[in-house]
Amino acid sequence: METINALDINIVEIKMAALKYRAINHQLRQDMIHVIDKAGKITVTELYRKMGLEQSVTSQHLAILRRSGFVTAERSKRFIFYRVNYEAINFIEEESRKLLSQLWKALPGLLTHARYKTFIG
């Protein structure tokens, strides 16, 4: 575990979480998730045709969504079907709400600290 001094911050976990947020925080990938959700399951060919994208662009973004766990891939004969992983999406939404709630609770202290540092230079 890579940590910073006595703060006991797990950098690897923070980086992994950041990758998940980056994966979901992209408009095209959000649109892809909505199209996959509407279809239930979809092949890369169906997806790029519905979205009017290049096949390579679609595949690259699907790979990011798959690696981050937001979509799953299932082979059926010669086709690979993609589905939304609702459990992963619900989890990140829930954890985001918790994080934001904690940040809002800490905000008055953070603002005071920021003002103090600005004031004393």
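This is a short chat about two pockets and one helix contact in a predicted model.

Reader: What should I know before I start?
Author: The model is predicted, so local features need pLDDT of at least 70 and side-chain atom pairs pLDDT 80 or more, while totals for chains, interfaces and linings use all residues. Residues are numbered from 1 along each chain, and side-chain values use heavy atoms, without hydrogens and water.

Reader: OK, pockets. What volume does the largest pocket have?
Author: About 260 Å³. A pocket is an open set of points on a 1 Å grid where a 1.4 Å probe fits, with protein on both sides within 12 Å along at least five of seven lines; lining residues have an atom within 4 Å of a point. The volume is the space filled by probe spheres set on the points.

Reader: Which residues are closest to its centre?
Author: Ala17, Tyr21, Phe91, Ile92 and Glu95, out of 13 that line the largest pocket.

Reader: Which helix gives the largest share of that lining?
Author: Helix 5, with seven residues. Helices here are DSSP runs (H or I, at least four residues), numbered from the N terminus. Helix 5 spans 86-120.

Reader: And the second largest pocket, which helix gives the most there?
Author: Helix 1, with five residues. The lining includes Met16, Leu19 and Ile64. The volume is about 170 Å³.

Reader: New topic. Where do helix 3 and helix 4 meet?
Author: Val44, Leu47 and Tyr48 in helix 3 meet Gln55, Thr58, Ser59 and Leu62 in helix 4. Contact means heavy atoms within 4.5 Å.

Conventions
Helix = DSSP H or I, 4+ residues; strand = E, 2+ residues; numbered from the N terminus.
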